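This briefing covers cysteines, helix contacts, buried positions and backbone angles. The sequence and model come first, and the points follow by topic.

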Amino acid sequence: MAGTKSGSLSLEGFTFDETWEEKRRRAGRIVEILMKTYPRERLLIGDPYRTLVHCIISQRMRDEVTYRVWGELFERYRDIETIANTPVEEMQRFLRERGVGLWKTKGEWIVKASRIILEEYGGKVPDDIHELMKLPGIGRKCANIVLAYGFGKQAIPVDTHVNRISKRLGLAPPRVPPEKVEEYLRELIPREKWIYVNHAMVDHGKNICNPIRPKCDSCPLRELCPYAKGLVGNGDIR
């Protein structure tokens, strides 16, 4: 196929034929529908530090548990100074008593990241992805979440929902890692719309595009979706 490359990205890993231009047009229509269906304001947290702590707690956790524990944590500890001066063991105990998985590691990450932000960044969470990823417990996904939901910057966090839905929609090859999914989305979606992608796909994944038995018949993206048309299968996706 002509034009199979766009920078370092290739069309060769897809399970169906589509040019870059066709894919960009379809991606634009997909994002417009998602934006209308799932308004962004619903999921904004709006504070970089609290967003960062929320993201640490949320790893491998259900949303309802994450939000409950996150709220209780800031009711008790209030601010970054208080958390930074909390013994790691106390924070670990706080998380364990509230049923947080990986409580030992997360408790250490929360306290140590808070101390680093105070000591090395003057108490302000850095707004650079590379600096964020130097903090304990902050990988690329969490760094992008902080940028998007904490700072309101254009970023595309790729969590399990975004990874799955991007591949079902044929916006990324079905077998690439999440880091590569982000690259394809950044290539296909206009920059001014990046900030909408994560929350909209997360909502879509919870309401329609479930991991098991997705509701394709009631999906507003059905006519744009290779998965719904049988061009991408569950066995293709990693």
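Cys209 is buried, at 11% relative accessible area, where buried means under 20%, exposed over 50% and partly exposed in between (1.4 Å probe, protein chains only). The closest cysteine sulfur to that of Cys209 is in Cys225, 6.4 Å away, which is too far for a bond. This is a predicted model, in which local features need pLDDT of at least 70 and side-chain atom pairs count only at pLDDT 80 or more, while totals for chains, interfaces and linings use all residues. Residues are numbered from 1 along each chain as its sequence is written, and side-chain values use heavy atoms, with hydrogens and water left out.

**Cysteines**

- The sulfur of Cys216 also has Cys225 as the site of its closest cysteine sulfur, at 6.2 Å, too far for a bond.
- A disulfide is a pair of cysteine sulfur atoms within 2.5 Å, and the count by this rule is one.
- That disulfide joins Cys55 to Cys142, with an S to S distance of 2.1 Å.
- Cys55 lies in helix α2 (residues 48–58) and Cys142 in helix α8 (residues 140–150), so the pair ties together parts that are 87 residues apart in sequence.
- Helices here are DSSP runs (H or I, at least four residues), numbered from the N terminus.
- The link of Cys55 and Cys142 is left-handed, with -90° about the S-S bond.
- Both ends of the link are covered: Cys55 is buried at 1% relative accessibility, and Cys142 is buried at 3%.

**Helix α1 and its contact with α10**

- Helix α1 (residues 20–37) includes Gly28, which counts as buried at 16% relative accessibility.
- α1 packs with helix α10 (residues 178–188) at an angle of about 85°, and their axes are 9 Å apart.
- α1 is therefore roughly perpendicular to α10, a class that takes in angles of 65 to 115 degrees; under 35 counts as roughly parallel, over 145 as roughly antiparallel and the rest as oblique.
- Axes are lines fitted to C-alpha atoms, for helices over the stretch in contact, with angles running from 0 to 180 degrees between N-to-C directions.
- On the α1 side the contact is made by Trp20, Lys23, Arg24 and Ala27, and on the α10 side by Tyr184, Glu187 and Leu188; contact means heavy atoms within 4.5 Å.
- By class, the contact of α1 with α10 has four nonpolar, no polar and three charged residues.
- In this classification Ala, Val, Leu, Ile, Met, Phe, Trp, Tyr, Cys and Pro are nonpolar, Asp, Glu, Lys and Arg are charged, and the others, Gly among them, are polar.

**Arg26**

- Arg26 is found in helix α1 and is buried at 10% relative accessibility.
- The Arg26 side chain reaches the backbone oxygen of Gly170 at 3.2 Å.
- With neighbours within four places in sequence left aside, Arg26 is in contact with Phe16, Glu18, Leu169, Gly170, Leu171, Leu224 and Pro226.

**Helix α9**

- Helix α9 (residues 160–168) is mostly covered, with eight of its nine residues buried.
- The buried residues of α9 are His161, Val162, Asn163, Arg164, Ile165, Ser166, Lys167 and Arg168.
- α10 and α11 are among the elements that cover them.
- At the N-terminal end of α9, Asp159 acts as a cap: one of its side-chain oxygens lies 3.1 Å from the backbone nitrogen of His161.
- Gly170, just after α9, takes a positive phi of about 70°.

**Thr66**

- Thr66 lies in helix α3 (residues 63–77) and is buried, with a relative accessible area of 1%.
- Residues up to four places away in sequence not being counted, Thr66 touches His54, Ile57, Ser58 and Met61.

**Positive phi outside glycine**

- Leu102, a residue other than glycine, has a positive phi near 55°.
- Leu102 is placed in the loop between α5 (88–97) and α6 (103–120) and is partly exposed, at 44% relative accessible area.
- Arg213 is not a glycine either, and its phi is positive at about 55°.
- Arg213 lies in the segment after α11 (194–207) and is exposed, with a relative accessible area of 70%.
- From Gly28 to Arg213 the separation is 185 residues in sequence and 26 Å in space, C-alpha to C-alpha.

Notes:
Helix = DSSP H or I, 4+ residues; strand = E, 2+ residues; numbered from the N terminus. Polar contact = N/O pair within 3.5 Å; in protein donor to acceptor, adjacent residues only side chain to side chain.
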